[in-house]
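This report offers a guided reading of one structure for a reader who has not met it before. It is best read with the sequence and the structure in view.

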Amino acid sequence: MKRKGFTVIGILLSCIVCFGALIAVSRLTAPKYHDSLIDGHLTGEYYGETTDHDVLFIGDCEVFEHFSPVTLYNEYGITSYIRGGAQQLAWHSYYMLEDALKTETPKVVVFNVLALKYGEPQSEAYNRLNLDGMRMGAAKLGAIRASMTEGEDAMSYLFPLLRYHDRIGELTREDFTYWFSKGGPVSFKGYVMHTGVDPATEVPQENYDPKLPETSMAWLTEIADLCEENGVALVLIKSPSIYPVWHAEWDEEIAAFAKSRGLRYDNMIAENDLIGIDMTTDTYDQGQHLNVFGAEKLSRWFGAILQSEYGLKDHRGEAAYDADYAALTERYENEKQRLSEGN
Amino acid sequence: MLFPSWAFLLFLAVLVPVYYLVPKRIQWIVLLLANGVFVCFAGILGAVFMAVTVASVYAASRGMDTLFTRQREMLAEMKTTHTKEERKAVRLRLEKKRRLILVACLVLNVGILFALKYGAMLGRLSAGLFGTKPFGQDLALTMGISFYTFSTVGYLLDVYRETIPAERNPLKLALFTSFFPLLVQGPITRFETVGKALQEPHAFDGRRFLSASLRIAWGYWKKLIVADRLLVAVKALCAKPAAYRGDFIFVEMLLYAACLYADFTGGIDITIGVGEMLGVRIEENFLRPYFSKSISEYWRRWHITLGEWFKRYVYYPLSVSKPMRDLSKNTRRFGVGFSRRVPVYLATILVWALTGAWHGSNLTFLVWGILNGVVILLSEEMKPLYARFHQRFPKLSASAFYRGFTVIRTVLLLSSLRILDCYGTVRDAFSSFFSMFTTWNWSAVFRGGIQSLGLSHYDYAIAFCGVLAMFALSMVQRKGAIRPRIIKRGTVFSVCVLLVLIGTILIFGRYGFGFDASQFIYNRF
């Protein structure tokens, strides 16, 4: 009997040691997204937030590079966060929102509609960038199920070693530096800063289906329903990038959807002059994405709308927010200067 | 359902507990159902072909059995009432009927295998000859058909020879034919051993389960860490026979030897381990083949069950058949030695040609088979020469150096023959092989050459360590099986070994997204 007990304890200890070693290797081989490919760091950074937010942005690079929560706060006292990710597709956005709504209830959710052009999962790499940092739970499982491309398996999202074990042959200093530490944030409440300037040129022509895919429209409906169930106002926007092209037919379809659901829809491409966006100075990659100067202009313009239309409270003067945003603003300005000097 | 897949592991994780939880008398039915699921997973067409095999072999074996029983009864009754000639006539008539049944069943089953294996090739051939549209281009081998056809044909021949009685329950014959671990890459089993073991009740045994898990894990280790890694480089080398020549071919020979060993023995380890987990002992298919000192010894230690099958059902019957005896008699005028050799040599070459043909429809396999036969016969012929050498240099012959030399010689020889396995045409294979002797390009091999084959330095290092581990274990194995020694050291130690195996597979294995879930090489045969 005693011997049996020792055997059981021995087996348990062996399993614990083995499991611990595998977890250590798993952490080592998983991409850190801290010094390189930082888009993958955005999803996980959200969980480090200590304050809640009145506005939550969801969508692809057209939100996380186009809106500055620092500007929104400093100009209007609007607290916001961008739960955006590289090529974050409609179902990614839905589950990011569902995940966020478990811990906070913003007053407004802003969804950028560009990703609706994709009705199918596009690439495993982008799935990983969006989902790796997501906390474990029903939302993550749903997101995995909805996102997998051919050849992928859900197990490898739950146990990253199954996906990244082969990186053991290509580890870098970054992997060891952030092996057991998450490192500081790489974004400014979800905003990724660029200060370079590369003026927009000609927009390439492409073939397109004048109708948006049914799948993505179904996910948009899900997002609208989720917001409605939680008493959150949903705002649909098309960020002012001129490429990828946002076609008139798609615009009409979204406008019709917004109308049918009683939602606000802003196609900001048409408002570029009003916003003050100058695609010769406010983009860092020929009109695809805004640089920090464009993002600040856009945030100023959109902040005014959010405040006037949705009566968002000015939180400036509230100690908790002021402390949080003061530190953020300092880091933001330093980064702006650092990047500008590097250009 | 590939062995290296989550689906298979899940399948096993469900089957094993269910198998031991149900009453023992219905264990075999659970296994039969599991086989059905496994076969259907691979495709309905495969299931249909298997059903045809089971039905035909069952009917034929029962028919032959009935005829034999009737023959015995009739001859017993006729013993006092009929003359010897009359009894002989009855016996011959019934034997002829049995032979007819056997031939019909063989034609059907071997015909299916032949059609699936050679249909597409014959279609292309006829199109080339007659300018017609090639037929049969969609024909392809279904899962395990080469293996279960041989196993069931062996069973049929055993029944015909009255070595074993025919199985009365068709479902039990189906159980033997469809036993799922054997469908991936064999081994070719016998009804009297595996077929019977499958029907027996089995109680759960923790030690056996642990031992089986170790064997399965070691199989996956070899497959995922070594074989699938080296296969990338081997495929890259074989894909461009014009680009990779000279010393690249030597590298290819060595890489393929390691890759095929890890792949085939890894798969068989999983098969045997799964069988053991279910309480079914499956015949060993390897006995440290790369330690062989001659090609004929190698073939006694590599894919043992295929060699045994050919020996039992083709080689022996053929070499003592009447036409062979007649041929031997007719050639006696050329000398006794010659006439004695004729049937043996002919049977050997024929068996090796068939062995080559079994491996694939490509001409390269046929040539490979025949060359193997030729090398074995040449070795036989050179035996007196070797004997004289050993007599002259007894110390050298007994030395470890000479033993090592013979082992390396054998590995190089069999690897040279295997070049035929790597290329699509005999011409490419020979041209590549002989380029080793005309093109000296070691500098190209090591200055970027081997790095261009799809593997990184890290991959080569891991594969090299894997090969070393396999070699070390084979050395240890010479003093006896390893698993009993591990199990003997206690459950905790055994679990630790198992966890280390699983852990290293998870870290160093080639699996998951971005890697092809590679089927076993022998699965295509």
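## A first question

Which residue in β3(A) does A:Ile58 stand opposite? The partner is A:Phe111 in β3(A). The model that shows this pairing is a predicted one.

## The sheet of chain A

Chain A holds an open sheet of five strands, ordered β2-β1-β3-β4-β5, with parallel pairing. The edges are occupied by β2 and β5 (264–267) of chain A; each has a single partner strand, so one side of each is left without a neighbour in the sheet. On average, and with direction ignored, neighbouring strands of the sheet are turned by 20° against each other.

Strand β1 of chain A covers residues 55–59. Five bridges connect β1(A) with β2(A), residues 80–84, and the two run parallel. Within this pairing, A:Leu56 has A:Tyr81 of β2(A) as its bridge partner. With β3(A), residues 108–112, β1(A) pairs over four bridges, again in the parallel sense. Further along, β3(A) and β4(A) are joined in the parallel sense by five bridges, and A:Asn112 has A:Ile237 in β4(A) as its bridge partner. Helix α5 of chain A, residues 90–100, packs on the sheet and touches β1, β2 and β3 of chain A. The direction of α5 makes about 155° with that of β1(A).

## Burial of β1 in chain A

In a regular strand, side chains alternate between the two faces of the sheet. Which residues of β1(A) lie on each side? A:Val55, A:Phe57 and A:Gly59 lie on one side, while A:Leu56 and A:Ile58 lie on the other. These residues are all buried, and both faces of the strand are thus described as covered. Put as a count, five of the five residues of β1(A) are buried.

## Helices and their surroundings

Helix α7 of chain A, residues 138–147, contains A:Ile144. Is A:Ile144 buried or exposed? A:Ile144 counts as buried because it has 20 C-beta neighbours inside 10 Å, and the threshold for burial is 20 or more. When neighbours within four places in sequence are left aside, A:Ile144 is in contact with A:Leu131, A:Ala154 and A:Tyr157. A:Gln205, by contrast, is 61 residues from A:Ile144 in sequence and 33 Å away in space, C-alpha to C-alpha.

Helix α12(A) has 14 residues and reaches 20 Å from its first C-alpha to its last, close to the 20 Å expected at 1.5 Å a residue. A:Gly262 follows this helix and has a positive phi, near 70°.

In chain B, helices α3 (residues 44–81) and α4 (residues 84–130) pack at an angle of about 175°, with their axes 10 Å apart. Because an angle over 145 degrees counts as roughly antiparallel, α3(B) is roughly antiparallel to α4(B). The residues of this contact comprise 17 nonpolar, five polar and six charged.

## Backbone features in the loops

Most residues other than glycine have a negative phi, and most peptide bonds are trans. A cis peptide bond leads from A:Tyr243 to A:Pro244, with omega near 0°. A:Pro244 belongs to the loop between β4 (233–238) and α12 (248–261) of chain A. In chain B, the bond from B:Gly186 to B:Pro187 is cis, with omega near 5°; B:Pro187 sits in the loop between α7 (182–185) and α8 (191–199).

Positive phi values occur at two residues other than glycine. For A:Lys189, phi is near 55°, and this residue lies in the loop between α10 (173–177) and α11 (214–229) of chain A. A:Lys189 is buried, with 27 other C-beta atoms within 10 Å. For B:His303, phi is near 45°. B:His303 is in the loop between α11 (295–301) and α12 (304–319) of chain B, and is buried, with 24 other C-beta atoms within 10 Å.

## Where the chains meet

How many residues of chain A are in contact with chain B? There are 21 on chain A, in contact with 14 residues of chain B. On the side of chain A that touches chain B, α1 (2–29), α8 (155–158) and α9 (161–164) each supply at least two residues. The most come from α1(A), which gives nine. By class, this side of chain A has 10 nonpolar, seven polar and four charged residues.

Definitions and conventions. Residues numbered from 1 in each chain as written. Chains lettered and ligands numbered in written order. Predicted model: local features only at pLDDT ≥ 70, side-chain atom pairs only at ≥ 80, totals over all residues. Contact = placed C-beta atoms within 7 Å. Nonpolar A, V, L, I, M, F, W, Y, C, P; charged D, E, K, R; others polar. Buried ≥ 20, exposed ≤ 12 C-beta atoms within 10 Å, placed from the backbone. Pairing = 2+ DSSP bridges. Expected span 1.5 Å × (residues − 1). Axes fitted to C-alpha atoms, helices over the stretch in contact; angles between N-to-C directions. Parallel < 35°, antiparallel > 145°, perpendicular 65-115°, else oblique.
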